Number of protein chains: 2
Amino acid sequence: MSNVQKDRILEGAEELFFKAGIRSVTMDEIARNLGMSKKTIYQFYRDKDEIVSALVQKNLEQDKCQMIDIAQRSTNVMEEMINMMKHSEEFFSKVNPILIHDMQKYYPEAWQYFQQFKANVVIDSMQDILDRGIEQGYVRSDIDTKVMARMRVWQIELGFDNNVFPHNEFNSWQVQLQFLEHFIYGICTEKGYQIINEYKSILEHN
Amino acid sequence: MSNVQKDRILEGAEELFFKAGIRSVTMDEIARNLGMSKKTIYQFYRDKDEIVSALVQKNLEQDKCQMIDIAQRSTNVMEEMINMMKHSEEFFSKVNPILIHDMQKYYPEAWQYFQQFKANVVIDSMQDILDRGIEQGYVRSDIDTKVMARMRVWQIELGFDNNVFPHNEFNSWQVQLQFLEHFIYGICTEKGYQIINEYKSILEHN
């Protein structure tokens with residue numbers, strides 16, 4: 001039974017964090033949301049920090065699987081990138097950007113997981129997509145895929161940086177979507193460019 | 001006479017800094033390069049730091065004028081961006097990237113000028129170019145020019161960041177050129193895209 005309960009706690013906490021960020025959600029609220037006593041929660045997690053770290057690990061694992069899944073069901077690199085864009089948009093639409101800011105500022109352990117994941121998994125898989133894109137004729141062959149993959153991944157952090165894009169002035173998700181779309185246009189050959197345009201015109205007509 | 005000598009000292013120091021970076025160049029070498037005594041130099045500049053700050057200010061002033069000049073002699077925004085790219089390439093070809101790393105690390109005052117210039121001048125003029133580009137039909141009208149201008153300017157710093165692009169692994173200028181070219185492709189409409197491609201094919205045939 002314990003693993004079921006452990007997972008339920010994560011799901012309940014996640015629901016609240018997605019809505020309101022991490023900092024403002026109390027253990028009392030998490031317990032109330034689950035219809036569980038705080039005592040039960042503390043049997044599984046030492047404190048909120050531990051819940052946050054567990055949640056980040058869980059989400060990163062899922063993300064990795066989803067990236068693999070997206071790659072498998074996409075017929076080419078353009079479709080893969082468009083599907084990744086849709087996937088991000090879905091995530092953004094249900095998560096309050098304050099979550100990222102809270103994590104960056106108050107949950108260094110969780111943030112550390114995120115950074116390692118970026119360094120070990122995301123940069124490599126991004127470079128792999130770009131290399132395949134060049135082979136398929138959708139990505140310009142004169143880009144340095146190592147530089148571009150690294151740039152793309154660090155750009156995400158830049159978009160969340162409060163000194164560069166102050167949170168009271170910019171919507172973090174809109175900034176991230178602008179970056180993502182610009183990145184894809186920027187690496188495309190003309191053949192790739194046509195495909196994004198088609199995809200975007202379908203979106204606009206829906 | 002003094003202003004002439006003051007300028008000569010800057011030019012002589014600049015020549016050495018461009019070749020070898022700032023940190024490794026001594027006041028003795030600057031004096032020797034100018035055929036001047038160190039005593040004379042110290043009549044105008046307290047120390048190397050002061051020379052560096054004066055040089056940065058001078059270069060930023062020149063840069064501002066050159067940007068205005070490029071805008072005036074370009075018939076449209078695409079030409080303007082291509083000319084700015086050529087201008088950067090010229091600068092890169094004569095300057096050792098170690099110069100930027102030295103400045104960032106050891107000359108905080110000079111680095112501060114650079115940052116302020118970026119915040120006050122470069123972001124605004126970049127946004128202006130993008131806005132005009134949309135009017136002219138070369139830049140996609142669905143980009144957020146405020147976000148993109150800011151992203152572009154901060155991207156320059158990202159490219160020089162030793163944690164992201166270690167200097168022993170990446171050539172800083174090549175990273176910057178990759179960013180610049182990717183940025184232009186990323187903001188283009190199809191009409192703009194054709195123009196860069198034409199420009200690049202001319203380059204390749206020369």
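**Exercise 1.** In this predicted model, determine whether A:F160 is buried or exposed, and characterise its ring pairing with A:W173.

*Solution.* Step 1: A:F160 has a relative accessible area of 4%; buried means under 20%, so A:F160 is buried. Step 2: the ring centres of A:F160 and A:W173 are 5.7 Å apart, with the planes at 85°. An angle over 60 degrees counts as edge-to-face, and the pair is therefore edge-to-face. Step 3: A:F160 belongs to helix α8 (residues 145-160) of chain A and A:W173 to helix α9 (residues 172-187) of chain A, so the pair ties together parts 13 residues apart in sequence. Step 4: A:W173 also counts as buried, at 7% relative accessibility.

**Exercise 2.** Identify which residues form one aromatic cluster with A:F160 and A:W173, and describe the pair of A:F18 and A:F91.

*Solution.* Step 1: the cluster consists of A:F18, A:F91, A:F92, A:F160 and A:W173. Step 2: the search of the whole structure finds 19 aromatic pairs over all chains. One of these pairs, A:F18 with A:F91, is edge-to-face, at 5.8 Å centre to centre and 85° between the planes. Step 3: because A:F18 lies in helix α1 and A:F91 in helix α5 of chain A, this pair ties together parts that are 73 residues apart in sequence. Step 4: A:F18 is buried at 14%, whereas A:F91 is partly exposed at 26%.

**Exercise 3.** Establish how chain A is related to chain B.

*Solution.* Step 1: a turn of 180° with a shift of 0.0 Å along the axis lays chain A on chain B with an RMSD of 0.0 Å. Step 2: this is the relation of a two-fold axis. Step 3: in chain A, the C-alpha nearest the axis belongs to A:G186, at 1.7 Å.

How values were computed
Residues numbered from 1 in each chain as written. Chains lettered and ligands numbered in written order. Predicted model: local features only at pLDDT ≥ 70, side-chain atom pairs only at ≥ 80, totals over all residues. Heavy atoms only, no water. Least-squares fit on C-alpha atoms with pLDDT ≥ 70 in both. Phe/Tyr/Trp six-rings, centres within 6.5 Å; stacked < 30°, edge-to-face > 60°. Helix = DSSP H or I, 4+ residues; strand = E, 2+ residues; numbered from the N terminus. Buried < 20%, exposed > 50% of the residue type's maximum accessible area, 1.4 Å probe, protein only.
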